[in-house]
Amino acid sequence: MTQRDFKSPRLFVDAPLGAGREVALAREQGHYLGNVLRLSAGDTVLVFNGCDGEWRAQITGRKRLEQLTPLEQTRPQDPPCDLHLLFAPLKHARLDYMVQKAVEMGASRLTPTLTQFTQVSRINLERMRANAIEAAEQCGILNLPEIDEPLPLTGRLAERDGKRLLVFCDEAAPQASPLAALKEAANDGGLDVLIGPEGGFSEDERAALLTQPRLVRLSLGPRILRADTAAVAALALVQAALGDWT
């Protein structure tokens, strides 16, 4: 395994990366490096763009920090975990938390899904992306998740690939060992994890979900969890049983 550098600052850049290939810094990035981290021209940081691995890059600039020059690759790009999180949107602070933790837990796609009892229908996708980038920068992650436009549950189910395993986190499911239930399934076509809203799923929604092919209906235990907590718990269970923790 490649040794990771946990001490150097990391920065996401939306540009191709290669040895000697200069990357312009956005003004806010230059401000962050110079005024927040107190770095100066000649110092180095780690940079990534989600497809070219991680690079050590040198900061350059005169009056202000203006660009980065990649020097050497520190880690090659790793393949993303084929794990999608489908979730009913939440209010700002809790959605921020869910996005950050989903990225940390390896989700490769974030899919807002509108249900009958969803409390929030308008989502700031740019804010979601900013939170995903921040989580990846802080946690040494090389991949950024794709972020989908919101879609009602009926439309989401209609467009799903039936070869993917759907992990349906259902508050009405009989209580049983979630790890045992997951380990009986097979992850050979990708994983979709579905988390509902605070009010749960309607009976019509539950009936529609139970007709899905390749379904695991999961109880998350005897306690009622908030939706953002439920997402973290479900992703941890899935990664432990079927994902890249095994």
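A polar contact here is a pair of N or O atoms within 3.5 Å, where one must be able to donate a hydrogen and the other to accept it. With that in hand, welcome to a short tour of a predicted model, with two stops: the residue N131 in helix α3 and the strand β10, which covers residues 165-169.

**N131 and its surroundings**
- You will find N131 in helix α3, which spans residues 125-139.
- N131 counts as buried because its relative accessibility is 9%, and the cut-off for buried is under 20%.
- The side chains of N131 and D96 are joined by a polar contact of 3.1 Å.
- Leaving aside residues up to four places away in sequence, N131 touches V99 and Q100 as well as D96.

**How β10 is enclosed**
- Five of the five residues of β10 are buried, so this strand is largely enclosed by the rest of the structure.
- Both faces are covered: L165, V167 and C169 are buried on one side, and L166 and F168 are buried on the other.

**The partners of β10**
- Strand β11 (residues 191-195) runs parallel to β10, and four bridges join the two.
- Within β11, L191 is the bridge partner of L165.
- A right-handed β-α-β unit is made by β10, helix α5 (residues 178-183) and β11.
- Strand β12 (residues 215-218) also runs parallel to β10 and is joined to β10 by four bridges.
- Within β12, L218 is the bridge partner of C169, one of the buried residues of β10.

Definitions and conventions:
Residues numbered from 1 in each chain as written. Predicted model: local features only at pLDDT ≥ 70, side-chain atom pairs only at ≥ 80, totals over all residues. Heavy atoms only, no water. Buried < 20%, exposed > 50% of the residue type's maximum accessible area, 1.4 Å probe, protein only. Contact = heavy atoms within 4.5 Å. Pairing = 2+ DSSP bridges. Right-handed = clockwise from strand over helix to strand, strands pointing away.
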